[in-house]
Amino acid sequence: MFSFHKTPRLLASTCCGVILASVPILGAAEQTGYYGYGEPATDEQIAAWDIDVRPDGMGLPEGSGSVDEGMAVFETHCASCHGAFGEGMGRYPKLAGGDGSLTEDRPEKTVGSYWPYASTLWDYIHRAMPFFAPQSLTDDQVYAVTAYVLNLNYIVEADFVANKETLPQVEMPNHDGFIWEDPRPVVNNERCMENCKEEVTVSESAAGKNLTPSTTGPLDEGITE
Amino acid sequence: MLGKLRRLNQDASKIALEESERLPSEERRRFLRSGLFTAGGAMVGGALAGIAPKALASTQYPPEIPPWTRSLGAGVVTDPYGVPSPFEKDVIRRNVPWLTADEVSSISFTPLQHLKGIITPNGLFFERHHAGRPEIDPQQHRLMIHGLVDRPIILSMEDLQRFPSVSQINFIECPANGGMEWRGAQLNSLQFLHGMVSCAEWTGVRLSTLLQEVGIKPEGKWLLAEGADGAAMTRSIPMEKALDDVIVAYAQNGEALRREQGYPVRLVVPGWEGNTHVKWLRRLEVGDKPWMQREETSKYTDLMPDGTAHGFTWVMEAKSVITSPCPEMPLKNKGIYQIEGLAWSGRGKVKAVDVSVDGGQNWQQAQLREPVMSKSLTRFALEWKWDGNPALLQSRVIDETGYVQPTLAQLKSVRGTNSIYHKNAIQTWKVNGDGSVVNVQLS
């Protein structure tokens, strides 16, 4: 049923493994768990895939990048979507601005106004940006773009150089803006069954707003109601 | 189209920013269309093979004898992998083009209005990608488990399927489900309003089994899960949850995961927001602290009116919706109807569902349809005689913790209108005198 077929080579090695089982394998007893499936992950393998970075700087590699270098990288790889100053193009995310807007009717959540940790910026650019070519920037380029975006948000000075020592020390303006313990439920509703309201008023209706795509017929981009 | 876009209110743009940051895809809807046309072709072939070329009567019910009774149908393996009848061509996932900037980092919605029971067919399970749907060769795929463990390992898909397996039925809901409606009613559709939830039987290995295999060091309190797609999606999960009921799943409703659901392997984190169910899972790292990744700081944090934000709001709280009638399923004429719907809770089982036909002034307890399972969709129904007058239909779920689903007004009074995620408010459908059904909100 599953299409995870064994290759003939794998079958062959499985078959030979039975014969080899009686031969002691050096160190194997310490390396395997109860089932013993899979292979031990080597340090080299782990290093290649382990790309995450934490707020305390764990995971940041060697290398560095300045604000000026970051401007050049940003203009080449980032500005076509995010704008030359991180202001966002069209519907693509704004990276800078929005300071003090979080209590406003229409908050602007950017790196400067909202993000709690500088490490997240390095990590995310490195793992997923630029959109068309994720994981294509060098570590130095990622440091540089990180420095530039922080500078666009007036979080670091123009002479800032990002590296694994300096980045964890950057204080983000909204660092204390989060509650990391889920406070829900935020509403403790009663299960009233009868005469629960004196009156019922419809305040909002989707009718006539012309925002709903058709849910019949072929997929298209038309909006019909 | 541009005219439409300009007319959108800013809520929609905000969701678009939250839920999409990507550019256009080259591949569009070829897959769905080709599937349906293949089915159509097969039916025509079957009819041609029949004997009677007599013109089809306008109806095929008694006393007519329909042609499909007097001819041969299509043979077996006409569709080696079966597809729905061409008469079900409208039962498809759909997207809201204006909601996101493109179709690569975007969402498609399950057609809840057409579905029965609690299991979402694999081809209709809602999709949410951040860098499109990768095409992964399972023989090339590897899952690495490392960090604060005694024995870091790399597993092939074959290795993974040798571990003892479990199967359980759980919903997955995007925490942005319905998030475009905090400020008012916009979309007149069950599919688009609530279709970011689906439910399947997941089969795979308990994460606790794998963690036991590698041996967690005492200081290992958190787990980072990472995907193999271009977004390399990551979320931090506390060890307590990881050891509880999380599954490293390779099968969905009896078959291998669909590509858009993470083929060949994904995380299923029962009851928790969809974003944590990392697809195309390639890496699990044990650590002593959370990683504060982009998807748990910039996104999937809930902004409150005082400017602070709630992070790590993992659980999907109890929610319900009436699926029939709904805007896509209007009433035809007066008489008896079964008001039907779905209820679910990330905190456990659905204990009860109440239905109101007068906008919440009075409630009646609905019947729950078996099976009722923890962190799964649950079907409910209430018989109702429609007298032809306008009505305001609502459903309200109570879960096994005693939590009662709130109204939107109650939620907004605490959370304001900018928290984007976790809008589990009671849905109101207004039934008009002509039987049409409209999405409305009450003050």
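Student: Why is there no bond between the sulfur of C81(A) and the closest cysteine sulfur?

Tutor: A disulfide is a pair of cysteine sulfur atoms within 2.5 Å. The closest cysteine sulfur to that of C81(A) sits in C78(A), 8.9 Å away, so the two are too far apart for a bond. Before we go on: this is a predicted model, where local features need pLDDT of at least 70 and side-chain atom pairs count only at pLDDT 80 or more, while totals for chains, interfaces and linings use all residues. Residues are numbered from 1 along each chain as its sequence is written, chains are lettered from A and ligands numbered from 1 in the order in which they are written, and side-chain values use heavy atoms, leaving out hydrogens and water.

Student: What makes C78(A) and C81(A) count as buried?

Tutor: Buried means under 20% relative accessible area, exposed over 50%, and partly exposed in between (1.4 Å probe, protein chains only). C78(A) comes in at 12%, so it is buried, and C81(A) at 15% is buried as well.

Student: Which cysteines do form a disulfide?

Tutor: C192(A) and C196(A), with sulfur atoms 2.1 Å apart. The count over all chains is one disulfide.

Student: Why is the disulfide of C192(A) and C196(A) called left-handed?

Tutor: The torsion about its S-S bond is about -100°, so the disulfide of C192(A) and C196(A) is left-handed. As for exposure, C192(A) has 27% relative accessibility, so it's partly exposed; C196(A), at 26%, is partly exposed too.

Student: How do you know that S101(A) is buried, and where does it sit?

Tutor: S101(A) has a relative accessible area of 5%, so buried it is. You'll find S101(A) in the loop between α5 (79–82) and α6 (118–128) of chain A; helices (H or I, at least four residues) and strands (E, at least two) are DSSP runs, numbered from the N terminus. Setting aside neighbours within four places in sequence, S101(A) contacts P107(A) and E108(A), contact meaning heavy atoms within 4.5 Å.

Student: Over to chain B: why is helix α6 (residues 207–214) called largely enclosed?

Tutor: Seven of its eight residues are buried, so the rest of the structure largely encloses helix α6 of chain B. Among the buried ones are L207(B), T209(B), L211(B) and E213(B). Just after α6(B), G215(B) has a positive phi of about 75°.

Student: What makes a group of residues a nonpolar core?

Tutor: A nonpolar core is a set of buried Ala, Val, Leu, Ile, Met, Phe, Trp, Tyr and Cys residues joined through side-chain atoms within 4.5 Å. The largest one here has 60 residues, and F109(B), W202(B) and L377(B) are among those with the most contacts inside it. Strand β16 (residues 335–344) of chain B gives the most to this core, five residues. In general, nonpolar side chains tend to be buried together in soluble globular proteins.

Student: What does L377(B) touch?

Tutor: Beyond four places in sequence, its contacts include I118(B), F171(B), V197(B) and L342(B). A second, separate core has 41 residues, including L121(A) and Y124(A).

Student: Why do β4 of chain A and β13 of chain B count as edge strands?

Tutor: Two strands pair if DSSP finds at least two bridges between them. The open sheet runs β4(A)-β14(B)-β13(B), with mixed pairing, and β4 (178–179) of chain A and β13 (302–303) of chain B each pair on one side only. β13(B) meets the antiparallel criterion with β14 (residues 309–310) over two bridges, and D302(B) has H310(B) as its bridge partner.
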